[in-house]
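Hi,

Here is the structure I promised to pass on. Have a look at it first, and then read my notes below.

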Amino acid sequence: MNGTLTFLGTGTSMGVPTIGCPCSVCTSSNPRDRRLRPSVMIRWNEIQPESGVAPRHRAVVIDTGPDFREQALRTGLAHVDAVFYTHGHVDHILGLDDLRPLSFIAHRAGGLIPLYASPHTAEILERVYDYTFSPNATYATRARVEIRPLADRTTIHGVEFLRIPVLHGDMEVAGFRFGNAAYLTDVSEIPESSFELLEGVETLVLPALRHKPHPSHATVAQAVGWAERIGARQTFLTHIAHELGHDETNSMLPESVRMAWDGLELPVTLRRAGEAA
Ligand SMILES: [Zn+2]
Ligand SMILES: [Zn+2]
Ligand SMILES: [Zn+2]
């Protein structure tokens, strides 16, 4: 089934430009050097079994960072079917409250927006947003959302999302595979068993913070090494710090690896649950 992968943000936790920084990337006039906090959206049109019924638009978001409001407005996001969380760092969760208007729409239609999260991430969400998730929450305009445990395999309106466990320093975080594409962010190590889950991926997203090593993020060289091993037709880099200029870094990368940018849209082939690979 045809779908679209859209980059809502491709920057690292501080965003690019970084506040107060006079460097050449932070002061660049290239719009691709402006990166909001990392997030992607996957969209598809659901085929209706009854003829004559207009297809329904489906949208899944991975992470709602501090820029989620701006990203949703930019892309005209008017409906979310589910959110997947990679982990509980604030650059990935601080936009949760901006799901409120979308959740009111969902609630009027009779549901809560499901938020899929690991036990560790769920605990952080419940702590940070206790006024939303506490059993005693009475805050009238709280988000109409519910946390659901993230399983190895989750089906959203018939479309399958696989969890890809990866390491972010000492912490296990979730990457996701959907059909012929995969999105991994905040990775310092990919376990062997997860390389197996990535076999056959054609469109791959990997994080690359900068050139200098970091304890919990991949460098450009590490990401290129993983990209070559996984062998996707095309790999895009995200979670990028201000050390990496878009054009300059692209010119050093192998042909099959490119810097992603905010707003980039890629066609993907999604997999229906139960469909042969
Ligand atoms: Zn991050
Ligand atoms: Zn800078
Ligand atoms: Zn992180």
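To start with a small one: is Val-128 buried, partly exposed or exposed? The model is a predicted one, and in it Val-128 has a relative accessible area of 36%. Buried would need under 20% and exposed over 50%, so Val-128 counts as partly exposed. Val-128 belongs to helix α4, which covers residues 119-128. On the surface, Val-128 joins Val-90 and Leu-94 in a nonpolar patch. Together the three have about 230 Å² of accessible area.

Now the metals, beginning with the zinc pair.

Which residues hold the zinc ion (ligand 1)? Its protein donors are Asp-91 through OD, His-92 through NE2, Asp-186 through OD and His-239 through NE2. They lie 2.1 to 2.2 Å from the ion. Along the chain, these donor residues follow the spacing D-H-x93-D-x52-H. The four donor atoms make angles of 91 to 165°, and the site is irregular. A tetrahedral site needs all angles between 85 and 135 degrees, so the 165° end of that range rules the label out here. The site also links distant parts of the chain: His-92 sits in helix α2 (residues 90-93), while Asp-186 is in the loop between β10 (181-183) and α6 (192-197), 94 residues apart. Are these two buried or exposed? His-92 has a relative accessible area of 0% and Asp-186 one of 1%. With the cut-off for buried at under 20%, His-92 therefore counts as buried, and so does Asp-186.

Asp-186 has a second role in the coordination: it bridges the zinc ion (ligand 3) and the zinc ion (ligand 1), which are 3.4 Å apart. For the zinc ion (ligand 3), the protein donors are His-87 (NE2), His-89 (ND1), His-168 (NE2) and Asp-186 (OD), at 2.2 to 2.4 Å. In sequence they are spaced H-x1-H-x78-H-x17-D. This site is irregular too, with angles of 90 to 171° among its four donor atoms. His-168 lies in strand β8 (residues 159-168) and Asp-186 in the loop between β10 and α6, so this pair ties together parts 18 residues apart in sequence. His-168 is buried, at 4% relative accessible area.

The zinc ion (ligand 2) has its own set of donors: Cys-21, Cys-23 and Cys-26, each through SG, and His-242 through ND1. The distances run from 2.0 to 2.3 Å. What is the geometry of this site? The angles among the four donor atoms are 103 to 116°, and the site is tetrahedral. For reference, the ideal angle for four tetrahedral donors is 109.5 degrees. The spacing of the donor residues is C-x1-C-x2-C-x215-H. Among them, Cys-23 is partly exposed, with a relative accessible area of 23%.

One more contact across the sequence: the C-alpha atoms of Met-14 and Ala-241 are separated by 8.0 Å, although the two residues are 227 apart along the chain. Met-14 is found in the loop between β1 and β2. It has 59% relative accessibility, and since exposed means over 50%, Met-14 counts as exposed.

Last, the strands on either side of that loop.

Strand β1 (residues 2-9) is mostly covered, with six of its eight residues buried. Which strands does β1 pair with? Five bridges join β1 to β14 (residues 265-269), and the two run antiparallel. In that pairing, Thr-4 stands opposite Pro-267. Six bridges join β1 to β2 (residues 39-46), again antiparallel. Here the partner of Thr-6 is Met-41, and Phe-7 stands opposite Val-40.

Strand β2 is mostly covered as well: six of its eight residues are buried. From β2, seven bridges lead on to strand β3 (residues 56-62), with the two running antiparallel. Met-41 turns up again in this pairing, where its bridge partner in β3 is Val-61.

If you open one view first, I'd suggest Asp-186, which coordinates both the zinc ion (ligand 1) and the zinc ion (ligand 3).

Cheers

How values were computed. Residues numbered from 1 in each chain as written. Chains lettered and ligands numbered in written order. Predicted model: local features only at pLDDT ≥ 70, side-chain atom pairs only at ≥ 80, totals over all residues. Heavy atoms only, no water. Patch = residues over 30% accessible without salt bridge, like charges linked within 9 Å, V, L, I, M, F, W, Y side chains within 5 Å. Areas by Shrake-Rupley, 256 points an atom, 1.4 Å probe, with all protein chains shown as cover. Salt bridge = Lys/Arg side-chain N within 4 Å of Asp/Glu carboxyl O. Helix = DSSP H or I, 4+ residues; strand = E, 2+ residues; numbered from the N terminus. Buried < 20%, exposed > 50% of the residue type's maximum accessible area, 1.4 Å probe, protein only. Donors = N, O, S within 2.8 Å, 3.2 Å for Na, K, Ca; no water. Tetrahedral: all angles 85-135°; square planar, octahedral: opposite > 155°, others 65-115°. Pairing = 2+ DSSP bridges.
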